[in-house]
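Dear colleague,

Please find below the structure for your review. My findings follow it, arranged by region.

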Amino acid sequence: MNARAPFAGADDAAFALASSVPAASWHDGVIDERSELLAEEVPVALVYNGISHAVMLASPQDLEDFAVGFSLSERIVRAPRDVRAVEVEAGPHGIALAIDIAPGAMARLKATRRARLGKTGCGLCGIDSLAWFEREMAPHDPRDGAIRQTTGPFAPQVLQCAMAAMSGQQRLHQATGAMHAAGWADRDGRLLLVREDVGRHNALDKLVGALARADIDVGAGFALVTSRASFEMVQKAARAGIGLLAAISAPTAMAVRLADRAGLTLAGFVRGGRHVVYTHPWRLAPAPVAHGT
């Protein structure tokens, strides 16, 4: 039988962030009967002005950030001020985020609304045609804010510094081994914000929401993700005006093409003292060139 884990931090006490389950661990021929702490994923409904729009599986924490970030990255609202209130409501089968948005945003949502049920952080669930996908591929749109210009290039080593600091801030991942994270660092590589979720898209939405709610200038820092950099991750970062996205793993080819078109600097394989820059390298200062003797 599963047991609720005494893991604080969920936005509603009815839903734990992690649960303890019985398991059998095998190592070098030895079986160890033990309990394992596993991350929870909870159905989270995003309800706009009383109309249910999406159901995502997510970690039940930082849900106000999730509501704002999802609304921005999905172009439901054009600015953080269009989200007037968020209420977190627990029910017997999941959590509803009751999101009050401005009348103009609601009118646009009704005009373009499509039913969607997302798996864990599914970034393109609900798109029902290739034509619609082509429209979603557009790097620039009047509904988006422009990518913020940085005050000067970042030193390459700040990517390494910030990514190395991420693991120490991933409390749920340390406990369960099942979480993604998105972080925000300043131009000196100091990690200022970290958001965790079972879904990588959700983690980035939570970060975007946290940045918006704190009114942080996204031109003064960069985002990091502990996952690959897929098309959807680049899309969300670009729509939030973020100029530099650093991923611990590889990007996809489509993500690189979108980053190039959107004017976003995309770095991958940011770990172990190295990284690869795929687009718009001018945001990173050139490293000294080593000359042989």
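**Packing of helices α1 and α6**

In this predicted model, helix α1 (residues 63-73) and helix α6 (residues 200-213) have axes that come within 6 Å and cross at roughly 95°. This crossing makes α1 roughly perpendicular to α6, since angles of 65 to 115 degrees are classed that way. On the α1 side, the contact is formed by Glu64, Asp65, Phe66, Val68, Gly69, Phe70, Leu72 and Ser73. Their counterparts in α6 are Asn202, Asp205, Lys206, Val208, Gly209, Ala210, Ala212 and Arg213. By character, the residues of this contact divide into seven nonpolar, four polar and five charged.

**Leu207 in helix α6**

Leu207 also belongs to helix α6. Its relative accessibility is 0%, so Leu207 counts as buried, the limit for that class being under 20%. Leaving aside residues up to four places away in sequence, Leu207 touches Ala182, Gly183, Trp184, Leu193, Arg195 and Ala223. Of these contacts, Gly183 lies 24 residues from Leu207 along the chain, and the C-alpha atoms of the two are separated by 6.8 Å.

**The two faces of helix α2**

Which residues of helix α2 (residues 103-112) are buried? They are Ala105, Met106 and Leu109. These residues lie on the same side of α2 because they cover an arc of only 100° around the axis. As general background, an α-helix has 3.6 residues a turn, so residues three or four places apart point the same way. The buried residues of α2 pack against three strands, namely β4 (42-48), β5 (51-58) and β7 (95-101). The face of α2 turned away from the buried side carries the exposed residues Pro103, Lys110 and Ala111.

**The annotated binding site**

The unreviewed UniProt entry carries a "binding site" annotation that covers Phe269, Val270, Arg271, Gly272, Gly273 and Arg274. Two of the annotated residues are described here. Arg271 is found in strand β13 (residues 265-271). Arg271 counts as partly exposed because its relative accessibility is 40%, which falls between the limits of 20% and 50%. Not counting residues up to four places away in sequence, Arg271 touches Gln160, Ile248 and Ser249. Gly273, by contrast, lies in the loop between β13 and β14 (274-279). With a relative accessible area of 67%, Gly273 is exposed.

Yours sincerely

Technical notes:
Residues numbered from 1 in each chain as written. Predicted model: local features only at pLDDT ≥ 70, side-chain atom pairs only at ≥ 80, totals over all residues. Heavy atoms only, no water. Buried < 20%, exposed > 50% of the residue type's maximum accessible area, 1.4 Å probe, protein only. Helix = DSSP H or I, 4+ residues; strand = E, 2+ residues; numbered from the N terminus. Arc of directions from axis to C-beta. Contact = heavy atoms within 4.5 Å. UniProt positions renumbered as here; feature names shortened; annotations may be inferred. Axes fitted to C-alpha atoms, helices over the stretch in contact; angles between N-to-C directions. Parallel < 35°, antiparallel > 145°, perpendicular 65-115°, else oblique. Nonpolar A, V, L, I, M, F, W, Y, C, P; charged D, E, K, R; others polar.
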